[in-house]
Amino acid sequence: TKFLHFWEIPLVLSLLLTGVTVFFLVKGSIELKDDRLSARIAPPFLVLFMSFILSTFTVENLNCALDTSDPIPYTVTVQDKHRSAGKMTRCFLTVTVEGQELDLDVPLSDYREAEVGDPVVVEVYEGAFGKAYCILRELP
């Protein structure tokens, strides 16, 4: 089961989407009256970047939403727990599944309940596009 280095499908779909978008933006920017090169180049690159980000999140979500595989349960131990800083705090439990250390994004209630060293049940799914993903299923 692979958890990391899943970039091929988002890359291909992003390139297709952004290629079509950039084509139409460049075609439209040629018709602009502004002679500055930056006025013609900046919009397509901004759209290229935003399209890549949007399509990557879309493919990642579709990978989970369209998945019909049966979960494989693993009982693992919580190795660490930490929170991200910023406007929106996210909570993570660090576990090792199949030799790979993973930070599972968990709700605050699960974060508060779990302690380092506790056994937890993690379910691994194959993913519709072949990218495996994990879900925290049970706390002690």
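Begin by selecting I53, which in this predicted model is partly exposed, with a relative accessible area of 32%. Its place is in helix 2, so colour residues 37-65 to see the helix that carries I53. Because partly exposed covers values from 20% to 50% relative accessible area, the 32% of I53 puts this residue in that class rather than among the buried ones.

Keep I53 selected and add L46, F49, M50, F52 and F57, since together with I53 these residues make a nonpolar surface patch of about 620 Å². Showing the surface of these side chains will bring out the patch to which I53 belongs.

Next, hide the patch and select residues 91-97 and residues 100-106, which are strand 3 and strand 4 and which pair in the antiparallel sense over 7 bridges. Within this pairing, T96 stands opposite E101 in strand 4. At the hairpin itself, where 2 residues lie between strand 3 and strand 4, select E98, which takes a positive phi near 55°.

From the hairpin, turn to the interior and select V120, V122 and L136, the residues with the most contacts inside the largest nonpolar core, which has 18 residues. The elements that give two or more residues to this core are strand 3, strand 4, strand 5 (119-125) and strand 6 (133-138), and strand 3 gives the most, with 4 residues.

Finish by centring the view on V122 and asking which residues it is in contact with, leaving aside its neighbours within four places in sequence. They are I72, P73, Y74, V76, V95, V97, L104, C134, I135 and L136.

Definitions and conventions. Residues are numbered from 1 along each chain as its sequence is written. This is a predicted model: local features need pLDDT of at least 70, side-chain atom pairs count only at pLDDT 80 or more; totals for chains, interfaces and linings use all residues. Side-chain values use heavy atoms; hydrogens and water are left out. Two strands pair if DSSP finds at least two bridges between them. Patches are made of residues with over 30% relative accessible area and no salt bridge: like charges are joined within 9 Å, nonpolar side chains (Val, Leu, Ile, Met, Phe, Trp, Tyr) within 5 Å. Accessible areas come from the Shrake-Rupley method with a 1.4 Å probe; for residues, only the protein chains shown count as cover. A salt bridge is a side-chain nitrogen of Lys or Arg within 4 Å of a carboxyl oxygen of Asp or Glu. Buried means under 20% relative accessible area, exposed over 50%, partly exposed in between (1.4 Å probe, protein chains only). A nonpolar core is a set of buried Ala, Val, Leu, Ile, Met, Phe, Trp, Tyr and Cys residues joined through side-chain atoms within 4.5 Å. Contact means heavy atoms within 4.5 Å.
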